[in-house]
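This report walks through a single protein chain for a reader at the bench. It begins with the overall make-up and then turns to charged pairs, some individual residues and the interior.

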Amino acid sequence: MGPAVLSRLHRAATGLMVAALLVLGVCLAAASVPARGADEGAAVVSIPPEPDAAVLPDAPTVQVLTVDLDGDGGRELVRLVAGQFDGVFLEAWRFAGAQARQVGERVTVLPDQRPGRPDPIRMDAPVRLVAWNDGSRERLLVATRPRFEERDIGPPCCLILEEPVVEAAELRLVDVALPSNAADVVIALDLDGDGRDELLTTRSLPPQGDITYPLEVRVHRFDGSTFGLPASWTFPLGSGDSVFHLGDSDGEPGEEAGLLATLGSGGLLRLAWRDGELVQEHSGAVWPLAARAILAEGGAAVAAAGSRRLAVLSWPPGRRAELIASASDLPTILLGTLRHGEDTTILVTEGESAGLLPVSSRLVPLLDEPLSPSAPARAVREASLLPYVGPLPLGGDDPGTFAFAGRALRWDGGAPLVRDIGSLPNTVPVGSVGVDDAVALVRADFFLAEPDEPRGGPLRPATTIPGASVSIVGRQALLAAEDSTAWQPEVAVIGRDAEGRLLSGRDGFDVEVAGPPGTLLDIRGEAEVGGPAALP
């Protein structure tokens, strides 16, 4: 009988140790060889974090963003965490290398609901962090929607906007607007092109027999110290639908919000600022399921995908969109875009197994074949984990990098550059921290489809991310390929017989493993008797 030995070590640059555990054992002992019990030889294995990683203390996490709170040029990590009785609190963290330091004490966003003392004003209030630009730097808002009634009585009341500020090394919240009517969506965008973001909020109105399904849209302007009372418009856009940040789709100064209407006329619409008024414009396309503003050969355009069709549209102000290019033989799941020079790369797929295909604004493929997942990323999927697919927010001078299941794509001069990186299983990067030399990551027990859009979106109840952990990893480590030799495996000895061979009892054994969040155990084994060891 020989020992069953687990083989090799994986490493993924997640900022946490993503490791194999080398466990020695398991084989069934012959009757003449006494087996030592699991309790006699079991050991605790400790797997440390990677040397250049910092892991925040555990907390039930609702949302994570990175932003320069104090204007000193370094970005802090801001985390919304849930309290014991549905309260929600805000934390801010600074980083120097692998050292994390909390800024002051956490502040209350929504109060605890102590047993026997419910607070109907804040009960069940949605909350969201929204990054915005005041014309000189990025800032942060905390948007909440409390109610002034008991639970489930009447509609929610108000939109409250507060700003986290750091003064004398303390974190606090200050009001930056008077309460306004309740909102379903809050997004920040520069509507008029003056370099300062406005806030656009929407609220679905009860139809009450109105077949136009009205949507109330408000614009909040910043006057240098606060957001004033909003201007309001009502559009028949589709009650219940959400606007999103579309970008510059018409070539005029300013950005636009998009909406994929599911009621009324349906299709792709936008909200744009024209001569001091907010107007709605229909693209004329009713088939898109996703859309993004892009730059196409020097001019503004829109990439649209859906219904087994991919298209690039020219959409001038006040007019219907016209086709620049259209294809039905290309992948139609729109994952993102990468800007390079006077053109934009459109990233599409038919699914992860089919690979990622970058195409130009003329819908010409830019690679000979789709970019396939890396071998470690495929192994991660076999372990029922999902590698990360989405933008890599590296900060600094990065021209834009997109991650696809262990591969990274960016433009280097006039050509696409592909490199292997960590597969980031069940992990999402949310932004750079410090002076752009590290990246914040959120890992969950269940796959996170995508990071929260920093510039806002729908207001939802403060639901915690299952099993979330937050870590910081150096930029270079994040971009490093997975390396099976970078770390030496740990060994847990289960037991030895008189000849020094490793054994376990017939009923199995337990091994306790301690490691940072995100640790993976690669358990493998062989036995001379009975074939390969059966390991969970």
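What follows is a description of a predicted model.

**Overall make-up**

The chain has three helices and 38 strands, and buried residues account for 51% of its 536 residues. Among the contacts with a separation of 6 or more, 54% are between residues 24 or more positions apart.

**Salt bridges**

A search of the whole structure finds 24 salt bridges, and the table gives three of them, with the distance between the N and O atoms.

| Acidic residue | Basic residue | N to O distance |
|---|---|---|
| Aspartate 70 | Arginine 94 | 2.5 Å |
| Glutamate 76 | Arginine 94 | 3.3 Å |
| Aspartate 250 | Arginine 274 | 2.8 Å |

Arginine 94 appears with aspartate 70 and again with glutamate 76. The pair of aspartate 70 and arginine 94 links distant parts of the chain, 24 residues apart, with aspartate 70 in the loop between strand S4 (61-67) and strand S5 (76-82) and arginine 94 in strand S6 (residues 88-96). Aspartate 70 counts as partly exposed, at 27% relative accessibility. Because arginine 94 lies in strand S6 and glutamate 76 in strand S5, their salt bridge ties together parts that are 18 residues apart in sequence. Glutamate 76, at 2% relative accessibility, counts as buried.

The salt bridge of aspartate 250 with arginine 274 likewise links distant parts of the chain, since aspartate 250 is in the loop between strand S18 (243-247) and strand S19 (256-261), while arginine 274 is in strand S20 (residues 267-274), 24 residues apart. Aspartate 250 is buried, with a relative accessible area of 9%, and arginine 274 counts as buried at 17% relative accessibility. Salt bridges that share partners join Asp250, Arg270, Arg274 and Glu281 into one network.

**Tryptophan 315**

Tryptophan 315 is placed in the loop between strand S24 (309-314) and strand S25 (322-327), where it is buried with a relative accessible area of 1%. Once residues up to four places away in sequence are set aside, tryptophan 315 touches a set of residues that includes Asp250, Arg270 and Glu281, three residues that also belong to the salt-bridge network. Serine 249 is also touched by tryptophan 315; the C-alpha atoms of these two residues are separated by 6.7 Å, although they are 66 residues apart along the chain. The side chain of tryptophan 315 reaches the backbone oxygen of arginine 319 at 3.0 Å.

**Aspartate 190**

Which charged side chain is nearest to aspartate 190, given that this residue is buried yet has no salt bridge? The nearest side chain of opposite charge is that of arginine 221, which is 6.9 Å away. Aspartate 190 is in the loop between strand S14 (185-189) and strand S15 (198-204), and its side chain reaches the backbone nitrogen of aspartate 194 at 3.3 Å. Leaving aside neighbours within four places in sequence, its contacts include Arg196, Glu255 and Arg455.

**Histidine 340 and the cavity**

Histidine 340 is found in strand S26 (residues 333-340), and a polar contact of 3.0 Å joins its side chain to that of threonine 345.

The structure holds one cavity of 30 Å³ or more, and the largest cavity has a volume of about 40 Å³. Its lining includes Thr401, Arg410, Arg419 and Leu479. Strand S31 (407-412) and strand S32 (415-420) are the elements that give two or more residues to this lining, with the largest share, three residues, coming from S31.

Key: Residues numbered from 1 in each chain as written. Predicted model: local features only at pLDDT ≥ 70, side-chain atom pairs only at ≥ 80, totals over all residues. Heavy atoms only, no water. Helix = DSSP H or I, 4+ residues; strand = E, 2+ residues; numbered from the N terminus. Buried < 20%, exposed > 50% of the residue type's maximum accessible area, 1.4 Å probe, protein only. Lys, Arg positive; Asp, Glu negative; His and termini not counted. Salt bridge = Lys/Arg side-chain N within 4 Å of Asp/Glu carboxyl O. Polar contact = N/O pair within 3.5 Å; in protein donor to acceptor, adjacent residues only side chain to side chain. Contact = heavy atoms within 4.5 Å. 1 Å grid on protein atoms, 1.4 Å probe; cavity = no way out; pocket = protein on both sides within 12 Å on 5 of 7 lines; lining within 4 Å. Points joined across faces, edges and corners; volume = space filled by probe spheres on them.
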